[in-house]
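Here are some notes for a colleague who has not yet looked at this structure. They can be read alongside the sequence and the model.

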Amino acid sequence: MYKVVLLNDDYTPMDFVITVLQRFFSLDTEQATRIMLKVHNEGRGVCGIFPRDIAATKVEQVIAFARQHQHPLACIMEEN
């Protein structure tokens, strides 16, 4: 299993991070806000834990969506 992790940057708006968490990880507003604040305050936040293929797909989707909206949001996966 792999953790999908968002990394903080100084440019991506908090609202956009919440949108990403809701859209790609099916989180409600409260859960998405909690993870966004963790990313903001601690530099990283775990979005979920998935099998390798699903985690890799989610990382690709998040990065593509962020670039499409001209944000440098970084998303990585780590072995759990």
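**Notes on helix H3 and the core**

1. Just after H3, Gln70 has a positive phi of about 60°. The model is a predicted one, and the points below start from this helix.

2. H3 is made up of 17 residues. From its first C-alpha to its last it spans 24 Å, close to the 24 Å expected at 1.5 Å a residue.

3. Six positions need attention on the inner side: Ala55, Lys58, Val59, Val62, Phe65 and Ala66 of H3 are buried. Viewed down the helix axis, these buried residues lie within an arc of 140°, so they line one face of H3. An α-helix has 3.6 residues a turn, so residues three or four places apart point the same way.

4. Arg52, Asp53, Glu60 and Gln68 are exposed, on the other side of H3. The cover over the buried residues of H3 includes S1, H1, S2 and strand S3 (74–79).

5. The largest nonpolar core has 24 residues, and Val4, Leu6, Val20, Leu21, Phe25, Val62 and Leu73 touch the most other members. At least two residues of this core come from each of strand S1 (2–7), helix H1 (14–25), helix H2 (29–42), strand S2 (44–50) and helix H3 (52–68). H1 gives the largest share, seven residues. In soluble globular proteins, nonpolar side chains tend to be buried together.

6. What does Leu73 contact, apart from its neighbours within four places in sequence? Its partners are Leu6, Leu7, Asp9, Thr12, Phe16, Val17, Val20, Val62, Ala66 and Arg67. Of these, Val62 and Ala66 are among the buried residues of H3.

Definitions and conventions
Residues numbered from 1 in each chain as written. Predicted model: local features only at pLDDT ≥ 70, side-chain atom pairs only at ≥ 80, totals over all residues. Heavy atoms only, no water. Core = buried A, V, L, I, M, F, W, Y, C linked by side-chain atoms within 4.5 Å. Buried < 20%, exposed > 50% of the residue type's maximum accessible area, 1.4 Å probe, protein only. Helix = DSSP H or I, 4+ residues; strand = E, 2+ residues; numbered from the N terminus. Contact = heavy atoms within 4.5 Å. Expected span 1.5 Å × (residues − 1). Arc of directions from axis to C-beta.
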